[in-house]
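Work through the exercises below with the sequence and the model open. Try each task before reading its solution.

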Amino acid sequence: MSKTVGLISLGCAKNLINSEQMLCLLKEAGYTITDDPAEADALIINTCAFIDSAKSEAIDNILECAELKKTGKLKTLLVAGCLPQRYKEELLEELPEVDGILGTGSFDEVVTALEQADAGETPLLLGDLNAPVSEAGRIVSTGPGWAYLKIAEGCDNRCAFCVIPSIRGRYRSRPMERILEEAKGLAAGGVKELLVVAQDITRYGLDLYGKPRLAKLVRELCRIEGIHWIRLHYLYPDLIDDELIRTVAEEEKVVKYLDIPIQHINDGILKRMHRRGSGADLEALLTRLREQIPGLVIRTSLITGLPGEGVEEFGQLCDFLRRAKLERAGVFPYSPEEGTPAFSMERPDTETAERRCDLITELQSRIMDEFNESRIGTVQEVLAEGFDVVAECWYGRSYADSPDVDGKVFFTGKNVQPGSFVRVRITETLDGDLVGELAD
Ligand code: SF4
C-alpha cells in the first residue's frame with residue numbers, strides 16, 4: 001500500500017475544494033499526507049482543462065512529477081479532475097507515466113483508485129457527472145481566517161465558448177442545510193471570511209427548490225456566529241434580482257464586492273456566445289448596483305478575440321470599460337476549445353486576441369490604480385494573513401481584495417494575529433497593492 005500521499009491542486013477554487021475533500025478521504029483511510037512531492041510514494045494531480053494554458057500547465061506538472069518515479073520514491077501517479085474527464089482513456093495513451101485517472105464525478109473514489117493502483121490495476125474512474133454534489137469532509141488548505149464554500153456544482157448556462165458544462169455536468173445545488181452546517185463547522189474552526197463559490201451562484205436553488213435561493217442562503221449565512229465577511233464570487237448577470245441586491249446592501253457581513261463575469265459588452269458577440277441579455281442590460285445592471293450598494297467594488301472577467309470581435313466591437317468594449325470603471329477585471333485572450341459551439345466560428349487570430357488582451361489589461365490597470373489611489377488616507381478593515389519577511393511587514397486583504405486575484409494590503413504595526421481583523425490607515429499604493437500602518 002502506498003502510505004504517503006501528496007496532492008497537487010491546479011485550477012480554480014471549485015477544484016481546490018475537490019482537492020481538500022480528497023485529502024480528507026485519504027486521511028480518514030489512514031494515509032499520511034505530505035506537501036513535498038519528493039516524499040510521496042503516491043501523487044495525485046488534480047487538474048484543470050478549461051483552456052489551453054490550463055491543459056499545458058497540467059501536462060507540465062504530470063511530466064515533472066513523473067520524473068520522481070525515476071529519481072525519487074514515487075510509485076503511483078494518478079491524474080484527477082477536469083483533464084481526465086475531458087480526455088478520458090486518451091490521456092493514459094498519451095501519457096504512459098500516468099497510472100490511473102479519476103474524473104470529476106469520481107473524486108470521492110480516490111481511496112479506491114489508490115488501492116486499485118497498488119493492486120497493479122489501472123484505475124479508470126469516470127463516475128456520473130450529474131450525481132449530487134459530494135458532501136465529503138475537507139481539510140481546508142486556505143487561510144488563515146478564510147475558506148471557500150462551494151454551494152453548487154456544474155453549469156447549465158452553456159456559453160458557446162465554454163467546456164465547463166461538459167466536464168462538470170449539469171447545475172446541481174447543495175441542499176441549503178448542508179451548506180449551513182458546513183459553514184458553521186468552518187466558523188467553529190476559526191474561519192471568519194467565507195468565499196461563496198460555484199460556476200454560477202445566482203442560479204443556486206433553482207434545481208432543488210424551483211426558484212433561485214441565493215439571497216435566502218446568504219441571509220442565513222450572515223446569522224452564523226464567527227463569520228464576519230461573506231464574499232460572493234461568480235454571479236451570472238441576468239439572475240441578479242432586487243432581492244439579491246437588497247440582501248447585499250442590507251447585510252453588513254456581505255462585503256460590498258461582487259464578481260460578475262460579463263465576458264464582453266457587444267450585443268452581437270453576447271448573442272453569438274449564447275449569453276443572456278444585451279450590453280445595455282449589463283450597463284443598466286451595473287448602474288443599479290452602484291446606486292443601491294454604496295462603496296461597491298465590481299470584479300468581472302473579459303475575453304478578447306471572441307468570434308465576431310472586429311475592430312469596432314473591440315472599441316466598444318474599451319469604451320465601455322472607460323465608462324464603467326470596474327475596479328477589478330481578469331482579462332483572457334479567447335482560447336477556442338474543441339467540442340464547444342464557438343470552436344468552429346470565424347474569429348480574430350490568436351495574436352490579435354492576445355494583443356487586445358494586453359491593451360485591455362493596460363486600460364484596466366489605470367482604472368484600478370485610480371481606485372487604489374482614492375483609498376489613500378482612509379482606514380480599512382483588513383483580514384491579516386501573515387508576515388512578509390522580505391518586505392518586513394504584515395499583509396492582509398480589505399473588502400475590496402479577494403485572495404489570489406486581487407492585491408494585498410501591506411502594513412506595519414505590532415501584536416498582529418494572522419487570521420484576525422485589524423484596522424489599517426492607507427498611506428500609499430504600490431503596483432496594485434496598498435501600503436499602510438495599523439490605525440489603532
Ligand atoms: S456561466 Fe458560461 S462561462 Fe461560466 S461556467 Fe457556465 S458555461 Fe462556462
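**Exercise 1. Place the pairing of strand β7.**

Task: find the strand that pairs with β7 and state in which sense.

Solution. Strand β10 (residues 193-197) pairs with β7 in the parallel sense, over five bridges. Two strands pair if DSSP finds at least two bridges between them. Helices (H or I, at least four residues) and strands (E, at least two) are DSSP runs, numbered from the N terminus. To fix the register, take A147: this residue stands opposite L194 in β10.

Before going on, note the ground rules. The model is predicted: local features need pLDDT of at least 70, side-chain atom pairs count only at pLDDT 80 or more, and totals for chains, interfaces and linings use all residues. Residues are numbered from 1 along each chain as its sequence is written.

**Exercise 2. Judge the burial of β7.**

Task: decide which residues of β7 point one way and which the other.

Solution. Start with the rule: in a regular strand the side chains alternate between the two faces of the sheet. W146, Y148 and K150 point one way from β7. A147 and L149 point the other way. Now count neighbours. A residue is buried if 20 or more other C-beta atoms lie within 10 Å of its own, exposed if 12 or fewer, and partly exposed in between, with C-beta atoms placed from the backbone. Five of the five residues of β7 (residues 146-150) are buried, so the strand is largely enclosed by the rest of the structure.

Last step: look just upstream. P144 lies in the loop between β6 (124-125) and β7. The peptide bond from G143 to P144 is cis, with omega near 10°.

**Exercise 3. Compare two positive phi values.**

Task: say where R158 and Q263 lie, and whether each is buried or partly exposed.

Solution. Take R158 first. Its phi is positive, about 55°, although it is not a glycine. R158 sits in the loop between β8 (152-153) and α6 (164-168). With 14 other C-beta atoms within 10 Å, R158 is partly exposed.

Next, Q263. Its phi is near 70°, again positive in a residue other than glycine. Q263 belongs to the loop between β12 (254-259) and α11 (267-272). It has 22 other C-beta atoms within 10 Å, so Q263 is buried.

**Exercise 4. Describe the ligand shell.**

Task: list the residues around the ligand and sort them by class.

Solution. A residue is near a molecule if its C-beta atom, placed from the backbone, lies within 6 Å of it. The shell is C155, N157, R158, C159, C162, I164, P165, Q199, D200 and Y236. Apply the classes: Ala, Val, Leu, Ile, Met, Phe, Trp, Tyr, Cys and Pro are nonpolar, Asp, Glu, Lys and Arg are charged, and the others, Gly among them, are polar. The result is six nonpolar, two polar and two charged residues.

**Exercise 5. Trace the barrel.**

Task: give the strand order of the barrel and one register pair.

Solution. Five strands close into a barrel in the order β15-β16-β17-β19-β18, with mixed pairing. Strands β18 (residues 421-430) and β19 (residues 433-438) pair in the antiparallel sense over six bridges. For the register, T429 has L434 in β19 as its bridge partner.

**Exercise 6. Sum up the chain.**

Task: how many helices and strands does the chain have?

Solution. The chain has 14 helices and 19 strands. Buried residues make up 44% of its 440 residues. The C-alpha atoms fill a box of roughly 60 × 60 × 45 Å, taken along the principal axes.
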